[in-house]
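Q: Could you take a close look at one part of this model for me, the surroundings of a single strand residue, and then connect that part to the rest of the chain?

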Amino acid sequence: MRRSGGTGAREAWFGPLQKWFRADAFLTAAGLVVTYDDVTEQRRILDERAAAVDAREQAAAAAASAGHEA
């Protein structure tokens with residue numbers, strides 16, 4: 001980041017608070033600025049959405065398999 005002058009971001013689990021945080025870092029004329037945001041709810045929603053898609057795909061595969069067997 002320092003070489004390119006760009007920005008950086010990372011999400012990580014923080015066990016002591018049982019929360020996900022996103023840290024964004026960027027350089028300014030005054031120096032490095034880092035911000036943190038609680039993204040636990042957004043992560044929960046994404047995880048639930050992925051689980052729902054997986055469940056639908058498994059149900060569709062089971063239905064297709066049952067159709068072929070019938």
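A: Happy to. Let's start with L32, which sits in strand β3. This is a predicted model, so everything below is computed from predicted coordinates. L32 has a relative accessible area of 54% and therefore counts as exposed, the cut-off being over 50%.

L32 has company on the surface. Together with L27, V34 and Y36, L32 forms a nonpolar patch with about 390 Å² of accessible area in total. Strand β3, which covers residues 31–38, gives the most to this patch, with three residues.

Now to strand β2, which spans residues 19–28 and holds D24. Is D24 buried or exposed? With a relative accessible area of 18%, D24 is buried, because the limit for that class is under 20%. Leaving out residues up to four places away in sequence, D24 touches G8, A9, V33, V34, T35 and D37. One of these, V34, is also a member of the nonpolar patch.

What does the side chain of D24 pair with? The side chains of D24 and R22 are joined by a polar contact of 3.0 Å. This pair is also a salt bridge, with the closest N and O atoms of R22 and D24 3.0 Å apart. The two partners fall into separate accessibility classes: R22 is partly exposed, at 31% relative accessible area, whereas D24 is buried, at 18%.

A23 lies in strand β2 as well. Apart from its neighbours within four places in sequence, A23 is in contact with G8, A9, R10, T35 and Y36. G8, A9 and T35 also appear among the residues that D24 touches, and Y36 belongs to the nonpolar patch. For a sense of distance, A23 and W13 are 10 residues apart in sequence, and their C-alpha atoms are 11 Å apart in space.

How many salt bridges does the whole structure hold? A search finds five, and the R22 and D24 pair is one of them. Others can be followed in helix α1, which runs over residues 40–69. There, the side chains of E41 and R44 meet in a salt bridge of 2.3 Å, N to O. E41 and R44 are three residues apart in helix α1, about one turn of the helix. R44 also meets E48 in a salt bridge, at 2.5 Å from N to O. Because E48 and R44 are four residues apart in helix α1, about one helical turn separates them. E41, R44 and E48 are thus linked in a network of salt bridges.

What about the accessibility of this network? E41 is partly exposed, with a relative accessible area of 42%. R44 counts as partly exposed too, at 36%, and E48 is likewise partly exposed, at 47%.

Further along helix α1 comes A64. A64 has 37% relative accessibility, so A64 counts as partly exposed. A64 is also a handy marker for how the chain spreads out: A64 and F21 are 43 residues apart in sequence and 41 Å apart in space, C-alpha to C-alpha.

With those details in place, we can step back to the whole chain. The protein has one helix and three strands, and along the sequence they follow the pattern β-β-β-α. The C-alpha atoms fill a box of roughly 70 × 30 × 15 Å along the principal axes. The radius of gyration is 21 Å, while a compact globule of 70 residues would have one near 11 Å.

The burial and contact figures add to this picture. Buried residues make up 4% of the 70 residues in the protein, and D24 is buried. Of the contacts with a separation of 6 or more, 12% are between residues 24 or more positions apart. The accessible surface comes to about 5,700 Å², with 57% of that belonging to carbon and sulfur atoms.

To return to where we began: L32 is an exposed residue in strand β3, and L32 shares a nonpolar surface patch with L27, V34 and Y36. In strand β2, D24 touches V34 and A23 is in contact with Y36, which ties both of these residues to members of that patch.

Methods. Residues numbered from 1 in each chain as written. Predicted model: local features only at pLDDT ≥ 70, side-chain atom pairs only at ≥ 80, totals over all residues. Heavy atoms only, no water. Patch = residues over 30% accessible without salt bridge, like charges linked within 9 Å, V, L, I, M, F, W, Y side chains within 5 Å. Areas by Shrake-Rupley, 256 points an atom, 1.4 Å probe, with all protein chains shown as cover. Salt bridge = Lys/Arg side-chain N within 4 Å of Asp/Glu carboxyl O. Helix = DSSP H or I, 4+ residues; strand = E, 2+ residues; numbered from the N terminus. Buried < 20%, exposed > 50% of the residue type's maximum accessible area, 1.4 Å probe, protein only. Polar contact = N/O pair within 3.5 Å; in protein donor to acceptor, adjacent residues only side chain to side chain. Contact = heavy atoms within 4.5 Å. Rg over C-alpha atoms; globule rule 2.2 N^0.38 Å.
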